[in-house]
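Open the structure in your viewer and keep the selection tool at hand. The tour below goes stop by stop.

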Amino acid sequence: MSRQLSEQEQIRRDNLTKIEELGINPFPSELYPVTHLAEDIKKTYKTGDAGFEHVVLAGRLMMKRIMGKASFAELQDSSGRMQIYVNRDEICPGEDKTMYNTVFKKLLDIGDFIGIKGHMFSTQTGETTVHVTELTLLSKSLKPLPIVKTDADGKVYDEVTDPEFRYRQRYVDLVVNPDVKKVFKQRTTMYNSMRTFLNDKDYLEVETPILQPLYGGAAARPFKTHHNTLDMTLYLRIANELYLKRLIVGGFDGVYEFSKDFRNEGMSRFHNPEFTQIELYVAYKDYDWMMDLVEEMVEKVAMDMHGTTVVKVGENEINFQRPWKRYTMFEAIEHFTGVDISAMDEPALRDTAKSLGVSIDPALGKGKIIDEIFGEKCEAQLIQPTFITDYPVEMSPLAKKHRDKEGLVERFEAICNGKEICNAFSELNDPIDQRERFEKQLELGKRGDEEAMMLDEDFLRSLEYGMPPTAGLGIGLDRLAMIMTDSHSIQDVLFFPQMKAETIQE
RNA sequence: GACCGGUUAGCUCAGCUGGUAGAGCAACGCCCUUUUAAGGCGUGGGCCCUGGGUUCGAGCCCCAGACCGGUCACCA
């Protein structure tokens with residue numbers, strides 16, 4: 001214990017010792033019989049209501065206003081805050097006033113967990129308050145919490161805003177900034193909404209491997225690790241697509257998974273090395289059907305989260321009400337650039353990209369060039385939810401060739417607020433075609449495309465046994481959560497975003 | 001990875017042209033029995049991110065680095 005304690009930390013440790021000397025256990029083990037939550041009482045209690053003669057609450061002491069022999073304080077539980085009134089002669093009815101004069105007034109610190117028993121009343125100013133008759137220390141806090149105060153106008157003082165502090169010590173952020181909790185509760189509402197939607201359709205929630213001998217199902221660089229006993233290289237999954245399709249081969253009609261995926265790439269306000277997608281595969285369906293499902297599900301998510309289909313995101317108001325606009329990729333490019341590239345070969349595309357001011361890596365093939373043009377010129381302008389359909393075959397090695405259009409696949413993405421939120425296709429189930437696509441990926445890899453896919457023989461074997469026609473979908477849930485909670489950065493929808501190593505001084 | 005900005009008390013932030021480190025809140029002491037950003041009086045608290053350099057003298061100027069943020073690049 002060579003760590004330098006600040007003055008305030010030392011005082012709290014001294015208080016801890018004094019509490020122990022008074023025979024009070026600062027970290028008692030027995031349960032505390034909580035009966036009420038602060039917010040529930042505030043919502044239901046009216047002055048003088050019966051049924052509130054005995055309430056028991058527990059939480060952190062967040063503010064003390066001491067006025068001699070009586071005090072007001074604020075207790076914060078998981079639901080919110082409740083004012084409590086502590087009167088010396090009521091919590092210390094006998095001669096011994098230690099509990100009030102010493103323990104409550106001096107030895108309890110902001111952040112300590114306490115339990116209170118008492119009854120409800122309203123103060124002269126009309127605030128719902130617990131009149132405390134018994135007070136118990138439940139757990140001592142040894143580090144001072146930042147004190148954030150809000151006045152009657154809602155103006156916040158000394159708000160903890162430093163992003164580094166907030167992300168590294170999320171536990172403090174959650175205690176001190178009440179809106180943070182709201183975002184994460186909303187995120188869970190989003191998950192529950194989807195889960196209910198999909199379960200109601202009898203699709204099966206499943207789990208598939210995170211440690212994979214081959215990574216696949218997306219184009220990205222993986223994290224690599226090693227299994228000691230098997231002495232083999234394993235990768236953290238970049239997607240779970242190929243495993244879920246194996247389950248469709250196995251005879252499930254619909255499977256989905258909320259999956260943590262891992263991509264060893266740059267970080268930004270839209271990218272965290274680990275992130276969450278939901279992937280869904282449904283047999284005997286196609287991508288047109290899947291578009292309808294996405295609209296229906298995301299509209300429901302917005303309703304469940306906000307009670308409306310209109311969501312405010314930054315400057316924009318986004319309306320998720322069905323139906324969403326649908327463009328083919330070529331139509332979108334023509335709409336935003338005035339150029340029809342649908343019949344162009346690779347050199348013509350290169351020239352077009354150049355004239356549009358889109359710089360193209362020479363290693364890129366035809367499909368990637370089209371994607372670059374779309375990404376540069378169209379994506380950011382699509383604010384309202386919009387489906388973009390029919391992508392070039394070269395950049396979609398797992399999607400089925402278009403039933404009518406040469407060189408394209410039956411694929412769509414939904415774009416919203418200028419960013420992709422989902423990706424889906426009629427899944428390629430022809431094992432011979434799939435093998436050729438993988439082989440083309442290997443060639444792209446040789447040309448220098450670092451994200452080209454690996455050839456997965458076991459997956460091909462499963463397709464050879466036969467996979468029914470299937471529609472597949474992936475939704476980036478962090479991105480969707482950002483939109484649905486109006487969060488500027490992915491770090492605001494992840495409890496513990498990835499950070500560089502911190503050196504904690506000991 | 002590139003460019004720009006930031007890092008000072010527990011928190012939010014000042015700190016001028018280089019001259020002994022500041023405020024509010026929090027903490028500590030005293031007063032106060034319905035307050036509410038409670039109030040009054042008083043007190044303490046600092047590796048000014050780290051390491052070099054310039055200077056009589058550096059929180060401030062210069063160089064290098066760490067971490068954070070923004071923009072861009074990368075990113076299905």
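In the residue classes used here, Ala, Val, Leu, Ile, Met, Phe, Trp, Tyr, Cys and Pro count as nonpolar, Asp, Glu, Lys and Arg as charged, and the others, Gly among them, as polar. Keep in mind that this is a predicted model.

**Stop 1: the enclosed space**

Begin inside the protein. How many cavities of 30 Å³ or more are there? The count is 1. The largest cavity holds about 40 Å³ of space. To find it, select Gln212, Leu214, Tyr215, Gly216, Gly217, Ala239, Asn240, Glu241, Leu242, Tyr243 and Asp456 of chain A, which line the cavity. Sort that lining by class and you get 5 nonpolar, 4 polar and 2 charged residues. Now color helix H8, residues 241-249. H8 supplies the largest share of this lining, with 3 residues.

**Stop 2: the whole chain**

Zoom out and select chain A. It has 506 residues, and 49% of them are buried. Switch to a cartoon view to see 15 helices and 20 strands. The C-alpha atoms fill a box of roughly 95 × 50 × 50 Å along the principal axes.

Next, color by domain. Domain 1 covers 7-139. Domain 2 is written in two pieces, 180-324 and 384-493. The C-alpha centres of domain 1 and domain 2 are 49 Å apart.

**Stop 3: a pocket lined from both domains**

Select Val176, Asn177, Pro178, Asp179 and Val180. Among the 25 residues lining the second largest pocket, these lie nearest its centre. The volume of this pocket is about 680 Å³. Where does the lining come from? Domain 1 and domain 2 each give at least three residues.

Show helix H2 (38-44), helix H6 (170-176) and helix H7 (178-200) next. Each of these helices supplies at least two lining residues. H7 gives the most, with 6 residues. By class, the pocket lining divides into 8 nonpolar, 7 polar and 10 charged residues.

**Stop 4: the RNA**

Select RNA strand B and the protein residues around it. There are 58 of them, and Glu7, Gln83, Gln124, Thr125 and His271 come nearest. Their classes are 23 nonpolar, 15 polar and 20 charged. Look at the RNA side as well. Sugar or phosphate accounts for 54% of the strand B atoms within 4 Å of the protein, and bases for the rest.

Now pick out three side chains.

- Glu420: one of its polar side-chain atoms lies 2.5 Å from a sugar or linking oxygen of RNA strand B.
- Glu265: here a polar side-chain atom is 2.8 Å from a sugar or linking oxygen of strand B.
- Tyr85: an N or O atom of this side chain is 3.5 Å from a base oxygen of strand B.

Color the elements that give two or more residues to this surface: helix H1 (7-21), strand S1 (55-67), strand S2 (70-76), strand S3 (81-87), strand S6 (149-150), helix H5 (163-168) and strand S19 (419-426). Which of the elements gives the most? H5 does, with 5 residues.

**Stop 5: backbone details**

Some background first. Most residues other than glycine have a negative phi, and most peptide bonds are trans.

Go to Arg322 and Pro323. A cis peptide bond joins them, with omega about -10°. Pro323 sits in the loop between strand S15 (316-319) and strand S16 (325-328).

Select Asp231 next. Its phi is positive, near 50°, and the residue is not a glycine. Asp231 belongs to the loop between strand S10 (224-227) and strand S11 (232-236). Is Asp231 buried or exposed? Asp231 counts as exposed because its relative accessible area is 58%, and exposed means over 50%.

Then move to Asn417, in the loop between strand S18 (408-416) and S19. Asn417 also is not a glycine, and its phi is about 55°. With a relative accessible area of 25%, Asn417 is partly exposed.

**Last stop: a surface residue**

Finish at Glu376, in helix H12 (residues 366-377). Glu376 has 51% relative accessibility, so it counts as exposed. Now add Ser359 and draw a distance between the two C-alpha atoms. Glu376 and Ser359 are 17 residues apart along the chain, and their C-alpha atoms are separated by 9.5 Å.

Definitions and conventions. Residues numbered from 1 in each chain as written. Chains lettered and ligands numbered in written order. Predicted model: local features only at pLDDT ≥ 70, side-chain atom pairs only at ≥ 80, totals over all residues. Heavy atoms only, no water. Domains from an automatic or database assignment. Near = heavy atom within 4 Å. Polar contact = N/O pair within 3.5 Å; in protein donor to acceptor, adjacent residues only side chain to side chain. Helix = DSSP H or I, 4+ residues; strand = E, 2+ residues; numbered from the N terminus. 1 Å grid on protein atoms, 1.4 Å probe; cavity = no way out; pocket = protein on both sides within 12 Å on 5 of 7 lines; lining within 4 Å. Points joined across faces, edges and corners; volume = space filled by probe spheres on them. Buried < 20%, exposed > 50% of the residue type's maximum accessible area, 1.4 Å probe, protein only.
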